Amino acid sequence: MSLLSQLSRILEDSKTEALALMEAEASANFLLAETCGGASSETGNMLARGDNLSFMQFLLKEKDLKGKLDLIYVDPPFFSKSDYGAEIKLVSKTSKKIPVLKQPAYRDTWDKGMEQYLRMLAVRFYVMKELLADTGCLWVHLDWHAVHYVKILLDEIFGQQNFVNEVIWQYKSGGVSKRRFARKHDTLLFYSKTSQYFFKPHQEKSYNREFKPYRFKGVKEYKDELGWYTMVNRKDVWQIDMVGRTSAERTGYVTQKPEALMNRILESCTPEGGLCADFFGGSGTMAAAANKMGRKWISCDIGKLAAINSHKRLIQDGGVYDFYEEGSSPEKAAGTLKVKIRTEADPLSDKQKLRVELQGYHLADMSSVPVEEKYLNIVKDILETDPLQLINCWSIDYRYDGQTHRPQKYFCKEKGTVETTFETIGNSFEKVSVRAADIFGNSISLLWE
(Lines give C-alpha, C1' and ligand atoms only; values in the text may rest on other atoms or scores of the structure.)
Protein backbone atom coordinates (compact mmCIF):
# COMPACT_ATOMS: atom_id res chain seq x y z
CA MET A 1 0.00 0.00 0.00
CA SER A 2 1.43 3.38 -0.99
CA LEU A 3 1.99 6.06 1.61
CA LEU A 4 -0.32 8.43 -0.24
CA SER A 5 -3.20 6.00 0.14
CA GLN A 6 -2.52 5.76 3.90
CA LEU A 7 -2.74 9.48 4.58
CA SER A 8 -6.50 9.50 5.19
CA ARG A 9 -6.12 6.72 7.79
CA ILE A 10 -3.19 8.54 9.42
CA LEU A 11 -5.33 11.67 9.70
CA GLU A 12 -8.36 9.80 11.04
CA ASP A 13 -6.38 7.86 13.66
CA SER A 14 -4.45 10.97 14.71
CA LYS A 15 -7.64 12.99 15.12
CA THR A 16 -9.14 10.24 17.29
CA GLU A 17 -6.03 10.18 19.48
CA ALA A 18 -5.95 13.96 19.78
CA LEU A 19 -9.64 14.16 20.74
CA ALA A 20 -9.20 11.47 23.39
CA LEU A 21 -6.27 13.38 24.86
CA MET A 22 -8.15 16.70 24.85
CA GLU A 23 -11.28 15.18 26.39
CA ALA A 24 -9.48 13.22 29.11
CA GLU A 25 -10.32 14.39 32.63
CA ALA A 26 -6.77 14.20 33.96
CA SER A 27 -3.79 15.83 32.35
CA ALA A 28 -0.14 14.91 32.38
CA ASN A 29 1.70 15.92 35.53
CA PHE A 30 4.23 18.70 35.11
CA LEU A 31 5.93 19.87 38.30
CA LEU A 32 7.05 23.45 38.80
CA ALA A 33 10.75 22.87 39.41
CA GLU A 34 11.98 26.44 39.39
CA THR A 35 10.80 30.04 39.06
CA CYS A 36 13.42 32.11 37.32
CA GLY A 37 14.18 35.81 37.18
CA GLY A 38 12.40 36.97 40.33
CA ALA A 39 10.41 36.03 43.40
CA SER A 40 7.51 34.98 41.18
CA SER A 41 6.88 34.71 37.48
CA GLU A 42 3.94 36.85 36.45
CA THR A 43 4.81 36.93 32.76
CA GLY A 44 3.22 33.58 31.88
CA ASN A 45 6.49 32.50 30.25
CA MET A 46 7.14 28.76 30.57
CA LEU A 47 10.02 26.42 29.80
CA ALA A 48 9.28 22.70 30.11
CA ARG A 49 11.18 19.45 29.88
CA GLY A 50 8.96 16.58 28.83
CA ASP A 51 6.88 15.10 26.04
CA ASN A 52 5.32 17.94 24.04
CA LEU A 53 2.00 16.16 23.52
CA SER A 54 1.61 15.67 27.27
CA PHE A 55 2.66 19.27 27.84
CA MET A 56 0.06 20.58 25.40
CA GLN A 57 -2.56 18.58 27.30
CA PHE A 58 -1.26 20.20 30.50
CA LEU A 59 -1.62 23.66 28.92
CA LEU A 60 -5.20 22.92 27.90
CA LYS A 61 -6.30 21.33 31.17
CA GLU A 62 -4.26 23.03 33.88
CA LYS A 63 -3.35 26.38 32.33
CA ASP A 64 -6.62 27.02 30.47
CA LEU A 65 -4.84 28.07 27.28
CA LYS A 66 -7.36 26.77 24.76
CA GLY A 67 -7.64 29.32 21.97
CA LYS A 68 -5.12 31.71 23.54
CA LEU A 69 -1.85 31.27 21.63
CA ASP A 70 -1.07 33.92 19.02
CA LEU A 71 1.65 31.90 17.31
CA ILE A 72 3.01 28.37 17.31
CA TYR A 73 6.37 27.78 15.64
CA VAL A 74 7.68 24.23 15.47
CA ASP A 75 10.98 22.91 14.19
CA PRO A 76 10.41 19.15 14.47
CA PRO A 77 12.74 16.38 13.29
CA PHE A 78 12.98 16.46 9.50
CA PHE A 79 12.78 12.69 8.83
CA SER A 80 16.46 12.84 7.92
CA LYS A 81 17.04 9.27 9.18
CA SER A 82 19.97 10.56 11.22
CA ASP A 83 20.63 11.12 14.90
CA TYR A 84 21.96 14.46 16.08
CA GLY A 85 24.26 15.50 18.87
CA ALA A 86 25.78 18.49 20.59
CA GLU A 87 29.38 19.47 21.14
CA ILE A 88 30.84 19.82 24.62
CA LYS A 89 34.04 21.81 25.01
CA LEU A 90 35.80 21.45 28.35
CA VAL A 91 38.76 23.39 29.68
CA SER A 92 40.33 21.97 32.82
CA LYS A 93 43.04 23.49 35.00
CA THR A 94 44.32 20.07 35.98
CA SER A 95 43.98 18.08 32.76
CA LYS A 96 45.76 18.41 29.46
CA LYS A 97 43.90 19.52 26.35
CA ILE A 98 40.54 17.77 26.27
CA PRO A 99 38.99 16.78 22.92
CA VAL A 100 35.54 18.06 22.00
CA LEU A 101 33.01 15.59 23.40
CA LYS A 102 29.90 14.73 21.43
CA GLN A 103 26.68 13.61 23.04
CA PRO A 104 23.27 12.79 21.55
CA ALA A 105 20.67 15.57 21.39
CA TYR A 106 17.78 13.87 19.59
CA ARG A 107 16.93 10.98 17.29
CA ASP A 108 15.48 11.46 13.81
CA THR A 109 15.27 7.78 12.93
CA TRP A 110 11.89 6.04 12.65
CA ASP A 111 11.57 2.25 12.93
CA LYS A 112 8.24 2.24 11.03
CA GLY A 113 9.28 4.81 8.46
CA MET A 114 7.41 7.83 7.16
CA GLU A 115 4.01 6.62 8.42
CA GLN A 116 5.20 6.66 12.04
CA TYR A 117 6.75 10.10 11.54
CA LEU A 118 3.58 11.59 10.03
CA ARG A 119 1.40 10.12 12.78
CA MET A 120 3.63 11.72 15.38
CA LEU A 121 3.19 15.12 13.74
CA ALA A 122 -0.50 14.87 12.82
CA VAL A 123 -1.79 14.21 16.32
CA ARG A 124 0.24 17.16 17.58
CA PHE A 125 -1.07 19.46 14.82
CA TYR A 126 -4.65 18.72 15.92
CA VAL A 127 -3.85 19.73 19.50
CA MET A 128 -1.89 22.80 18.38
CA LYS A 129 -4.94 23.97 16.45
CA GLU A 130 -6.96 23.77 19.67
CA LEU A 131 -4.42 25.97 21.47
CA LEU A 132 -4.30 28.64 18.77
CA ALA A 133 -6.41 31.79 18.99
CA ASP A 134 -8.75 32.48 16.07
CA THR A 135 -6.31 35.22 15.05
CA GLY A 136 -3.32 32.92 15.52
CA CYS A 137 -1.08 31.08 13.09
CA LEU A 138 1.18 28.06 12.83
CA TRP A 139 4.66 27.91 11.31
CA VAL A 140 6.15 24.47 10.58
CA HIS A 141 9.87 24.37 9.77
CA LEU A 142 11.01 21.45 7.58
CA ASP A 143 13.20 20.63 4.60
CA TRP A 144 12.98 18.48 1.47
CA HIS A 145 12.73 15.16 3.29
CA ALA A 146 9.05 15.32 4.26
CA VAL A 147 7.65 18.81 3.66
CA HIS A 148 5.46 17.67 0.72
CA TYR A 149 3.69 15.04 2.85
CA VAL A 150 3.35 17.35 5.85
CA LYS A 151 1.70 20.02 3.70
CA ILE A 152 -1.01 17.52 2.74
CA LEU A 153 -1.63 16.83 6.45
CA LEU A 154 -1.81 20.54 7.24
CA ASP A 155 -4.16 21.24 4.32
CA GLU A 156 -6.57 18.71 5.84
CA ILE A 157 -6.17 19.76 9.48
CA PHE A 158 -6.14 23.54 9.03
CA GLY A 159 -7.90 23.74 5.65
CA GLN A 160 -6.42 24.56 2.27
CA GLN A 161 -8.02 28.00 2.47
CA ASN A 162 -5.91 28.77 5.56
CA PHE A 163 -2.58 28.09 3.88
CA VAL A 164 -0.88 31.49 3.80
CA ASN A 165 2.72 31.07 2.60
CA GLU A 166 5.53 28.74 1.77
CA VAL A 167 8.59 30.64 2.96
CA ILE A 168 12.04 29.61 1.77
CA TRP A 169 14.93 30.16 4.15
CA GLN A 170 18.07 30.25 2.01
CA TYR A 171 21.53 29.92 3.55
CA LYS A 172 25.12 29.33 2.46
CA SER A 173 26.07 26.52 4.83
CA GLY A 174 25.81 22.81 4.06
CA GLY A 175 27.40 20.26 1.79
CA VAL A 176 27.69 19.89 -1.95
CA SER A 177 27.38 16.93 -4.31
CA LYS A 178 28.46 15.99 -7.79
CA ARG A 179 25.15 14.19 -8.30
CA ARG A 180 22.66 17.00 -7.55
CA PHE A 181 22.31 20.73 -6.99
CA ALA A 182 23.54 21.80 -3.55
CA ARG A 183 20.73 21.79 -0.97
CA LYS A 184 20.82 25.25 0.54
CA HIS A 185 17.36 25.98 1.91
CA ASP A 186 14.67 24.96 4.39
CA THR A 187 10.93 25.32 3.87
CA LEU A 188 8.56 26.96 6.36
CA LEU A 189 4.83 26.35 6.00
CA PHE A 190 2.69 29.21 7.30
CA TYR A 191 -0.97 28.46 8.15
CA SER A 192 -3.64 30.55 9.86
CA LYS A 193 -6.41 29.15 12.03
CA THR A 194 -9.05 31.39 10.44
CA SER A 195 -9.23 34.13 7.82
CA GLN A 196 -8.93 36.73 10.61
CA TYR A 197 -5.28 36.02 11.41
CA PHE A 198 -2.88 38.71 12.63
CA PHE A 199 -0.30 39.78 10.07
CA LYS A 200 1.84 42.90 9.98
CA PRO A 201 3.79 43.29 6.72
CA HIS A 202 7.35 44.58 6.83
CA GLN A 203 9.41 46.01 4.03
CA GLU A 204 12.78 45.18 2.55
CA LYS A 205 15.11 46.55 -0.09
CA SER A 206 14.53 45.56 -3.72
CA TYR A 207 17.49 46.55 -5.89
CA ASN A 208 16.83 47.94 -9.35
CA ARG A 209 18.13 46.18 -12.42
CA GLU A 210 21.84 46.93 -12.81
CA PHE A 211 21.46 48.97 -9.59
CA LYS A 212 20.51 52.04 -11.65
CA PRO A 213 17.65 54.49 -10.93
CA TYR A 214 14.28 53.85 -12.63
CA ARG A 215 12.89 57.37 -12.11
CA PHE A 216 9.29 56.14 -12.34
CA LYS A 217 6.72 58.76 -11.45
CA GLY A 218 5.42 58.36 -7.91
CA VAL A 219 7.99 55.67 -6.95
CA LYS A 220 10.42 56.53 -4.16
CA GLU A 221 13.97 55.34 -4.82
CA TYR A 222 16.94 55.14 -2.49
CA LYS A 223 20.64 54.58 -2.87
CA ASP A 224 23.24 52.77 -0.78
CA GLU A 225 26.76 51.47 -1.37
CA LEU A 226 25.45 48.83 -3.81
CA GLY A 227 23.23 51.10 -5.85
CA TRP A 228 19.61 52.17 -6.28
CA TYR A 229 16.64 50.34 -4.74
CA THR A 230 13.00 50.65 -3.78
CA MET A 231 11.23 49.45 -0.63
CA VAL A 232 8.74 46.60 -1.13
CA ASN A 233 6.79 44.25 1.14
CA ARG A 234 8.98 41.38 2.26
CA LYS A 235 9.09 38.46 -0.19
CA ASP A 236 8.80 34.74 0.59
CA VAL A 237 12.48 33.92 0.06
CA TRP A 238 14.64 34.91 3.04
CA GLN A 239 18.43 34.95 2.87
CA ILE A 240 19.64 34.63 6.44
CA ASP A 241 22.96 33.14 7.56
CA MET A 242 23.00 30.07 9.78
CA VAL A 243 24.48 30.37 13.27
CA GLY A 244 28.23 30.36 12.62
CA ARG A 245 30.85 28.64 14.75
CA THR A 246 32.05 31.97 16.13
CA SER A 247 28.60 33.51 16.62
CA ALA A 248 27.72 34.85 20.07
CA GLU A 249 24.39 33.00 19.71
CA ARG A 250 26.00 29.59 19.29
CA THR A 251 25.05 27.07 21.98
CA GLY A 252 26.64 23.94 20.49
CA TYR A 253 23.23 22.44 19.62
CA VAL A 254 23.71 21.00 16.14
CA THR A 255 20.41 22.11 14.53
CA GLN A 256 20.25 25.55 16.17
CA LYS A 257 18.33 28.17 14.19
CA PRO A 258 19.29 31.88 14.09
CA GLU A 259 17.40 34.48 16.08
CA ALA A 260 17.17 36.63 12.93
CA LEU A 261 14.86 34.00 11.43
CA MET A 262 12.64 33.98 14.51
CA ASN A 263 12.58 37.78 14.60
CA ARG A 264 11.02 37.94 11.14
CA ILE A 265 8.28 35.49 12.08
CA LEU A 266 7.52 37.13 15.41
CA GLU A 267 7.44 40.71 14.17
CA SER A 268 5.09 39.78 11.33
CA CYS A 269 2.76 37.33 13.05
CA THR A 270 2.49 38.36 16.70
CA PRO A 271 1.25 41.56 18.33
CA GLU A 272 3.37 43.29 20.95
CA GLY A 273 3.01 41.22 24.13
CA GLY A 274 1.48 38.30 22.20
CA LEU A 275 1.86 34.71 23.39
CA CYS A 276 3.90 32.33 21.22
CA ALA A 277 4.98 28.71 21.68
CA ASP A 278 7.57 26.27 20.39
CA PHE A 279 6.88 22.62 21.21
CA PHE A 280 10.14 21.31 19.71
CA GLY A 281 12.21 23.84 21.62
CA GLY A 282 15.70 22.57 20.77
CA SER A 283 18.28 25.23 21.58
CA GLY A 284 15.62 27.70 22.73
CA THR A 285 15.95 30.17 19.84
CA MET A 286 12.26 31.04 19.58
CA ALA A 287 12.01 31.68 23.33
CA ALA A 288 15.20 33.74 23.33
CA ALA A 289 14.01 35.87 20.41
CA ALA A 290 10.53 36.33 21.90
CA ASN A 291 12.05 37.27 25.23
CA LYS A 292 14.05 40.08 23.61
CA MET A 293 11.11 41.28 21.50
CA GLY A 294 8.62 41.70 24.33
CA ARG A 295 6.51 38.65 23.51
CA LYS A 296 5.29 36.09 26.02
CA TRP A 297 6.57 32.61 25.29
CA ILE A 298 6.25 28.89 25.99
CA SER A 299 8.97 26.40 25.05
CA CYS A 300 9.08 22.63 25.52
CA ASP A 301 11.47 19.84 24.60
CA ILE A 302 11.69 16.23 25.70
CA GLY A 303 15.49 16.22 25.68
CA LYS A 304 17.35 16.91 28.93
CA LEU A 305 20.19 18.55 27.04
CA ALA A 306 17.86 20.83 25.06
CA ALA A 307 15.90 21.90 28.13
CA ILE A 308 18.92 22.58 30.33
CA ASN A 309 20.79 24.48 27.60
CA SER A 310 17.66 26.55 26.87
CA HIS A 311 17.38 27.17 30.63
CA LYS A 312 20.95 28.46 30.74
CA ARG A 313 20.48 30.59 27.62
CA LEU A 314 17.31 32.22 28.94
CA ILE A 315 18.84 32.86 32.36
CA GLN A 316 21.73 34.66 30.68
CA ASP A 317 19.23 36.66 28.60
CA GLY A 318 17.46 37.84 31.75
CA GLY A 319 14.32 35.78 31.18
CA VAL A 320 11.53 35.69 33.75
CA TYR A 321 9.71 32.35 33.56
CA ASP A 322 8.62 29.13 35.22
CA PHE A 323 10.56 25.93 34.54
CA TYR A 324 8.49 22.71 34.57
CA GLU A 325 9.59 19.08 34.52
CA GLU A 326 7.37 16.14 33.62
CA GLY A 327 6.76 13.48 36.25
CA SER A 328 4.64 12.64 39.27
CA SER A 329 7.69 13.02 41.52
CA PRO A 330 11.24 14.29 41.13
CA GLU A 331 13.43 11.81 39.32
CA LYS A 332 16.35 10.13 41.02
CA ALA A 333 19.33 12.46 41.06
CA ALA A 334 22.12 11.56 38.65
CA GLY A 335 24.71 12.72 41.14
CA THR A 336 25.47 14.65 44.30
CA LEU A 337 26.84 18.11 44.94
CA LYS A 338 29.44 18.87 47.56
CA VAL A 339 28.55 22.30 48.91
CA LYS A 340 29.92 24.10 51.96
CA ILE A 341 27.33 26.42 53.50
CA ARG A 342 27.86 28.42 56.66
CA THR A 343 26.39 31.45 58.43
CA GLU A 344 28.06 33.80 60.88
CA ALA A 345 27.39 37.14 62.49
CA ASP A 346 28.29 40.07 60.28
CA PRO A 347 30.85 42.17 62.22
CA LEU A 348 29.59 45.43 60.66
CA SER A 349 25.88 44.98 61.41
CA ASP A 350 23.38 43.00 63.46
CA LYS A 351 22.69 40.74 60.49
CA GLN A 352 23.89 37.33 59.38
CA LYS A 353 26.39 36.58 56.63
CA LEU A 354 25.73 33.58 54.39
CA ARG A 355 28.56 31.97 52.46
CA VAL A 356 27.94 29.21 49.89
CA GLU A 357 30.81 27.42 48.21
CA LEU A 358 30.40 24.77 45.53
CA GLN A 359 33.23 22.32 46.20
CA GLY A 360 32.60 19.19 44.16
CA TYR A 361 30.35 17.01 42.07
CA HIS A 362 29.98 13.24 42.01
CA LEU A 363 28.02 11.14 39.51
CA ALA A 364 26.12 8.17 40.91
CA ASP A 365 27.21 6.09 37.93
CA MET A 366 28.23 6.59 34.32
CA SER A 367 24.78 5.68 32.93
CA SER A 368 23.83 9.37 33.06
CA VAL A 369 26.77 10.31 30.81
CA PRO A 370 25.42 10.05 27.24
CA VAL A 371 28.71 10.23 25.35
CA GLU A 372 30.44 7.73 23.12
CA GLU A 373 32.31 5.01 25.00
CA LYS A 374 35.67 6.36 23.85
CA TYR A 375 35.01 9.54 25.86
CA LEU A 376 34.02 7.87 29.14
CA ASN A 377 37.57 7.67 30.51
CA ILE A 378 37.99 11.39 29.83
CA VAL A 379 34.85 12.12 31.86
CA LYS A 380 36.04 9.82 34.68
CA ASP A 381 39.39 11.62 34.75
CA ILE A 382 37.67 15.02 35.01
CA LEU A 383 35.43 13.73 37.82
CA GLU A 384 38.54 12.78 39.77
CA THR A 385 40.65 15.85 39.06
CA ASP A 386 38.32 18.78 38.28
CA PRO A 387 34.66 17.71 38.77
CA LEU A 388 33.24 21.24 38.79
CA GLN A 389 34.21 21.47 35.12
CA LEU A 390 31.10 19.33 34.49
CA ILE A 391 28.75 21.92 36.06
CA ASN A 392 26.95 23.94 33.40
CA CYS A 393 25.04 26.28 35.71
CA TRP A 394 23.93 26.45 39.34
CA SER A 395 21.74 28.67 41.47
CA ILE A 396 20.94 29.57 45.08
CA ASP A 397 17.61 30.22 46.76
CA TYR A 398 18.43 31.46 50.26
CA ARG A 399 14.74 32.16 51.02
CA TYR A 400 13.56 28.66 50.08
CA ASP A 401 9.90 28.08 50.96
CA GLY A 402 10.20 24.30 51.02
CA GLN A 403 8.37 23.84 47.70
CA THR A 404 9.66 25.77 44.69
CA HIS A 405 13.24 26.79 43.95
CA ARG A 406 13.20 30.58 43.37
CA PRO A 407 16.85 31.55 42.97
CA GLN A 408 18.19 34.93 43.94
CA LYS A 409 21.49 34.19 42.22
CA TYR A 410 22.61 32.20 39.16
CA PHE A 411 26.05 31.16 38.01
CA CYS A 412 26.54 29.93 34.43
CA LYS A 413 29.65 28.54 32.82
CA GLU A 414 31.29 31.11 30.58
CA LYS A 415 34.53 30.65 28.65
CA GLY A 416 35.07 27.28 30.29
CA THR A 417 34.70 28.31 33.92
CA VAL A 418 31.92 28.83 36.45
CA GLU A 419 32.07 30.90 39.63
CA THR A 420 31.89 28.69 42.71
CA THR A 421 31.36 30.99 45.70
CA PHE A 422 28.58 33.31 46.84
CA GLU A 423 28.11 35.58 49.84
CA THR A 424 25.19 37.71 51.03
CA ILE A 425 23.91 39.38 54.18
CA GLY A 426 20.41 39.03 55.64
CA ASN A 427 18.40 38.90 58.83
CA SER A 428 18.34 35.11 58.93
CA PHE A 429 18.76 32.08 56.71
CA GLU A 430 16.56 29.12 57.64
CA LYS A 431 16.54 27.10 54.42
CA VAL A 432 18.92 27.32 51.49
CA SER A 433 18.24 25.46 48.25
CA VAL A 434 21.03 24.84 45.76
CA ARG A 435 20.20 23.51 42.32
CA ALA A 436 22.66 22.68 39.55
CA ALA A 437 22.72 21.20 36.07
CA ASP A 438 25.65 19.42 34.53
CA ILE A 439 26.80 19.57 30.91
CA PHE A 440 24.85 16.37 30.12
CA GLY A 441 21.49 17.88 31.12
CA ASN A 442 21.24 16.21 34.54
CA SER A 443 19.67 18.25 37.37
CA ILE A 444 20.89 17.99 40.98
CA SER A 445 19.41 19.61 44.08
CA LEU A 446 20.62 20.13 47.66
CA LEU A 447 18.79 21.50 50.70
CA TRP A 448 20.50 23.07 53.73
CA GLU A 449 18.62 23.88 56.92
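Is Glu 272 buried or exposed? In this predicted model, Glu 272 has a relative accessibility of 64% and therefore counts as exposed, the cut-off for that class being over 50%. The points below begin from this residue and then pass to other parts of the structure.

1. Glu 272 and its partners. Glu 272 sits in the loop that joins helix 5 (259-269) to strand 13 (275-278). When residues up to four places away in sequence are set aside, Glu 272 touches Met 293, Gly 294 and Arg 295. For one of these partners the separation can be given exactly: Glu 272 and Gly 294 stand 22 residues apart in sequence, while their C-alpha atoms are 6.4 Å apart in space. Gly 294, for its part, comes just after helix 6 and adopts a positive phi of about 75 degrees.

2. Helix 6. This helix, made of residues 285-292, is mostly covered, since seven of its eight residues are buried. The buried residues are Thr 285, Met 286, Ala 287, Ala 288, Ala 289, Ala 290 and Asn 291. The elements that cover them include strand 3, helix 5, strand 13, strand 14 (296-301) and helix 7. Helix 5 and strand 13, the two elements on either side of the loop that holds Glu 272, are thus both among the elements covering helix 6.

3. Helix 5. Helix 5 is likewise mostly covered, with eight of its eleven residues buried. Those residues are Glu 259, Leu 261, Met 262, Arg 264, Ile 265, Leu 266, Ser 268 and Cys 269, and a reader may wish to note that the list includes Glu 259 and Arg 264.

4. The pairing of helix 1 with helix 4. The axes of helix 1 (residues 3-23) and helix 4 (residues 147-158) come within 11 Å and cross at roughly 40 degrees, and the crossing is right-handed. On the helix 1 side the contact is made by Leu 3, Leu 4, Leu 7 and Leu 11, and on the helix 4 side by Tyr 149, Ile 152, Leu 153, Glu 156 and Ile 157. Sorted by class, the contact consists of eight nonpolar residues and one charged residue, with no polar ones.

5. The loop between strand 9 (203-207) and strand 10 (222-223). Two residues of this loop deserve comment, Asn 208 and Phe 211. Asn 208 has a relative accessible area of 3% and is therefore buried, as the limit for that class is under 20%. Leaving aside neighbours within four places in sequence, Asn 208 is in contact with Pro 213, Tyr 214, Glu 221, Trp 228, Tyr 229 and Thr 230. Phe 211, by contrast, is partly exposed, with a relative accessible area of 39%, and its phi is near 60 degrees, a positive value in a residue other than glycine.

6. Lys 81. A positive phi, near 65 degrees, is also found at Lys 81, again a residue other than glycine. Lys 81 belongs to the loop between strand 3 (69-74) and strand 4 (82-88), and with a relative accessibility of 60% Lys 81 counts as exposed.

7. The second largest pocket. About 1,000 Å³ of space lies in this pocket. It is lined by 30 residues, and those closest to its centre are Arg 250, Thr 251, Gly 252, Lys 312 and Lys 413. Strand 4 and helix 7 (304-316) each supply at least two residues of the lining, and the largest share, five residues, comes from helix 7. By class, the lining of the second largest pocket divides into 13 charged, nine polar and eight nonpolar residues.

8. The enclosed space. A search of the whole structure finds one cavity of 30 Å³ or more, and about 80 Å³ of space lies in the largest cavity. Its lining is formed by 13 residues, of which Glu 34, His 311, Arg 435, Ala 436 and Ala 437 lie nearest the centre. Helix 7, strand 18 (391-397) and strand 21 (432-438) are the elements that give two or more residues to this lining. In terms of class, the lining of the largest cavity has eight nonpolar, three polar and two charged residues. Helix 7 thus recurs in this note, as a contributor to the lining of the second largest pocket, to the lining of the largest cavity and to the cover of helix 6.

Terms used: Residues are numbered from 1 along each chain as its sequence is written. This is a predicted model: local features need pLDDT of at least 70, side-chain atom pairs count only at pLDDT 80 or more; totals for chains, interfaces and linings use all residues. Side-chain values use heavy atoms; hydrogens and water are left out. Axes are lines fitted to C-alpha atoms, for helices over the stretch in contact, and angles run from 0 to 180 degrees between N-to-C directions. Helices (H or I, at least four residues) and strands (E, at least two) are DSSP runs, numbered from the N terminus. A crossing is left-handed if the near helix is turned anticlockwise from the far one by less than a right angle, and right-handed if clockwise. Contact means heavy atoms within 4.5 Å. Ala, Val, Leu, Ile, Met, Phe, Trp, Tyr, Cys and Pro count as nonpolar, Asp, Glu, Lys and Arg as charged, and the others, Gly among them, as polar. Buried means under 20% relative accessible area, exposed over 50%, partly exposed in between (1.4 Å probe, protein chains only). On a 1 Å grid over the protein atoms alone, a cavity is a set of points where a 1.4 Å probe fits but cannot get out, and a pocket is an open set with protein on both sides within 12 Å along at least five of seven lines; lining residues have an atom within 4 Å of a point. Grid points are joined across faces, edges and corners, and a volume is the space filled by probe spheres set on the points.
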